[in-house]
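Open the model in your viewer and keep the selection panel at hand. The stops below go from a single residue to the surface around it, then to the interior and the whole chain.

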Amino acid sequence: MSAMHLMAVMLGLFAVPLWLLAVGHRLWRKSLRLRRLYLGVVLGHCLALVAATSLAVLPPHMWAPTDVTRGAVGAWGLVVFPLIGGLLAVLIRSSNRDGAR
């Protein structure tokens, strides 16, 4: 594992949850768009954790030297999935058109 992959794993395992913890308690009085962004990042991070864990517990006989998917999702998914989740949450509009909560 290269230093860049190791940095991505450490950011995904420690920096993203710490950021979510630090920012999350202040967002509930903010705009709906920021709350959606936060929930999208949380959901994306949860999906990334499930994907990384399920790929990490694969038995060694299922690994291949050229297996790019396992390494990419396991290392970079922890950083990229929360970003994708936040982006999708902001871009997708709710069916509530009148602006009421």
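**Stop 1: Ile-84**

Select Ile-84, which sits in helix H3; helices (H or I, at least four residues) and strands (E, at least two) are DSSP runs, numbered from the N terminus. This is a predicted model, in which local features need pLDDT of at least 70, side-chain atom pairs count only at pLDDT 80 or more, and totals for chains, interfaces and linings use all residues. Residues are numbered from 1 along each chain as its sequence is written, and side-chain values use heavy atoms, with hydrogens and water left out.

Is Ile-84 buried or exposed? Neither: Ile-84 counts as partly exposed because its relative accessibility is 41%. Buried means under 20% relative accessible area, exposed over 50%, and partly exposed in between (1.4 Å probe, protein chains only).

**Stop 2: the nonpolar patch**

Extend the selection to Met-4, Met-7, Leu-11, Trp-76, Val-80, Leu-88 and Ile-92, which together with Ile-84 make a nonpolar surface patch of about 740 Å². Patches are made of residues with over 30% relative accessible area and no salt bridge; like charges are joined within 9 Å, nonpolar side chains (Val, Leu, Ile, Met, Phe, Trp, Tyr) within 5 Å. A salt bridge is a side-chain nitrogen of Lys or Arg within 4 Å of a carboxyl oxygen of Asp or Glu. Areas come from the Shrake-Rupley method with a 1.4 Å probe; for residues, only the protein chains shown count as cover.

Color H1 (3–24) and H3 (68–91): each supplies at least two residues of the patch. H3 gives the most, with four residues.

**Stop 3: helix H2**

Now select residues 32–56, helix H2. Its 25 residues should span 36 Å at 1.5 Å a residue, and the end C-alpha atoms are 36 Å apart, which agrees. The expected span is 1.5 Å times one less than the number of residues.

Show the side chains of the buried residues in H2, among them Arg-35, Tyr-38, Val-41 and His-45. The buried residues of H2 pack against H1 and H3, where contact means heavy atoms within 4.5 Å.

**Stop 4: the whole chain**

Zoom out. The protein chain has three helices and zero strands. Its radius of gyration is 16 Å, well over the 13 Å that the globule rule gives for 101 residues, so the chain is more spread out than a compact globule. The radius is taken over C-alpha atoms, and the rule is 2.2 Å times the number of residues to the power 0.38. Along the principal axes, the C-alpha atoms fill a box of roughly 55 × 25 × 20 Å.
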